[in-house]
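Biologist: Please take one part of this model and go through it closely. I would like the sheet and the helices packed around it, in a single connected account.

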Amino acid sequence: MTEPVLILDGAVRDFGIKRGVLNRRTDRVIRAVDRVSFDIDAGDTFGLVGESGCGKTTLAKLVMGVLPVTRGRIYVGGTELARKSGRSHASRTQIVMQDPYSSLDPRMRIRSIVLEPVANPRDRPTRKLEELLTMVGLPSDCGDRFPHEFSGGQRQRIAIARALAPRPDLIILDEPTSALDVSVKAQIVNLLADVQQRTGVAYLLISHDLAVVFQLSTAVGVMYLGAIVETGESRLLYERPRHPYTVGLLEASLSTSRFDPTTTTAIEGEVPSAAEIPEGCRFRSRCPMATDRCRILEPDLRLVDDRLVACHFAEDVSRALAS
């Protein structure tokens, strides 16, 4: 059996808040990522969803090796990255950023941008550039042009070509369509699916756009205050969510709700500070189903209907779905 391209095993990332003279004393600790575990196989996509500030970006930095984990282990292509920082595994992991207008250096020609991640290309640079540009649907002879000569969708295609250049095992897609209009968004989503089918690359897709996530992802993880509260096959989470937070996210994103408005409630209130995570269930202060048990006891991830859910009442959430 082939080893997963990416393995996260109980990954934790803490940030200390410094106080006192010259900021030398750590006053308290913020846990941005809390015991996160999942894996991604070659050719698969893991979608990561959740509100802003839930820890998705920090998790991406851990996978990139930009930040080291505080505890736990991360493996990319079989190499452990735990407690290391830097870009030593950059050839294995690439990233496509959110904004195609700021992610490309305006002073560099497309040729240099696309081939920048390739230290020692085995093929002739010109031939490799033409292959990459053709793969993402751009003219093969546009290498001498600058980013400002392209539209937003074309710039995102350039960013995808750059990410593909070193033939990575994993590409992190950080809100890859959020800055694009609807028609261009659909084109980029189709391109990403086609590239994955042709190359077998794995994706870690981070997005607020649940429609894009469920269209591209093999599996989905729902993140709240640094922790995964539900994870499983994409289709299962879309059709039959089992955590109240997942239900709320879907209700907020769907143009026509599939949920019974008499038994479900949209997510209300603000996300608590990561420095003051509520005791018990971290979602209880915003959950319409919360009881005293939720205030006292933090739910563990447990298997419910072929997915993992951190909710004491996961079996009851099904009653919120329209019959």
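Modeller: The model is predicted. Its open sheet has eight strands in the order β6-β7-β8-β3-β9-β10-β12-β11, and the pairing is mixed. At the edges are β6 (93-96) and β11 (302-304), each of which pairs on one side only. Direction ignored, neighbouring strands of the sheet are turned by 25 degrees against each other on average.

Within this order, β3 (residues 45-49) pairs with β9 (residues 219-224) in the parallel sense, over four bridges. Phe 46 has Ala 219 in β9 as its bridge partner.

Two helices can be placed against the strands directly. Helix α8 (residues 244-253) lies across β3, β9 and β10 (227-233), and runs at about 105 degrees to β9. Helix α4 (residues 152-164) lies across β6 and β7 (170-174), and its direction is at about 175 degrees to that of β6.

One residue of α4 to look at is Ile 160. Ile 160 has 3% relative accessibility and therefore counts as buried, the cut-off being under 20%. Leaving aside residues up to four places away in sequence, Ile 160 touches Val 96, Val 136, Ile 188, Leu 191 and Leu 192. The C-alpha atoms of Ile 160 and Gln 94 are separated by 9.4 Å, although the two residues are 66 residues apart along the chain.

Three of those contacts lead to helix α5: Ile 188, Leu 191 and Leu 192 are among its buried residues. Helix α5 comprises residues 182-199, and at 1.5 Å a residue these 18 residues should span 26 Å; the end C-alpha atoms are 26 Å apart, so the two values agree. The buried residues of α5 are Val 184, Ile 188, Val 189, Leu 191, Leu 192, Val 195 and Gln 196. Because they cover an arc of only 160 degrees around the axis, they are on the same side of α5. The cover over these buried residues includes strands β3, β7 and β8 (202-206), together with helices α3 (125-135), α4 and α6 (210-216). On the face of α5 turned away from its buried side are the exposed residues Val 182, Gln 197 and Arg 198. After α5 comes Gly 200, with a positive phi near 80 degrees.

Taken together, α4 lies across β6 and β7, and α4 and β7 are both included in what covers the buried residues of α5.

Notes. Residues are numbered from 1 along each chain as its sequence is written. This is a predicted model: local features need pLDDT of at least 70, side-chain atom pairs count only at pLDDT 80 or more; totals for chains, interfaces and linings use all residues. Side-chain values use heavy atoms; hydrogens and water are left out. Two strands pair if DSSP finds at least two bridges between them. Axes are lines fitted to C-alpha atoms, for helices over the stretch in contact, and angles run from 0 to 180 degrees between N-to-C directions. Contact means heavy atoms within 4.5 Å. The expected span of a helix is 1.5 Å times one less than its number of residues. Buried means under 20% relative accessible area, exposed over 50%, partly exposed in between (1.4 Å probe, protein chains only). The arc is that of the directions from the helix axis to the C-beta atoms.
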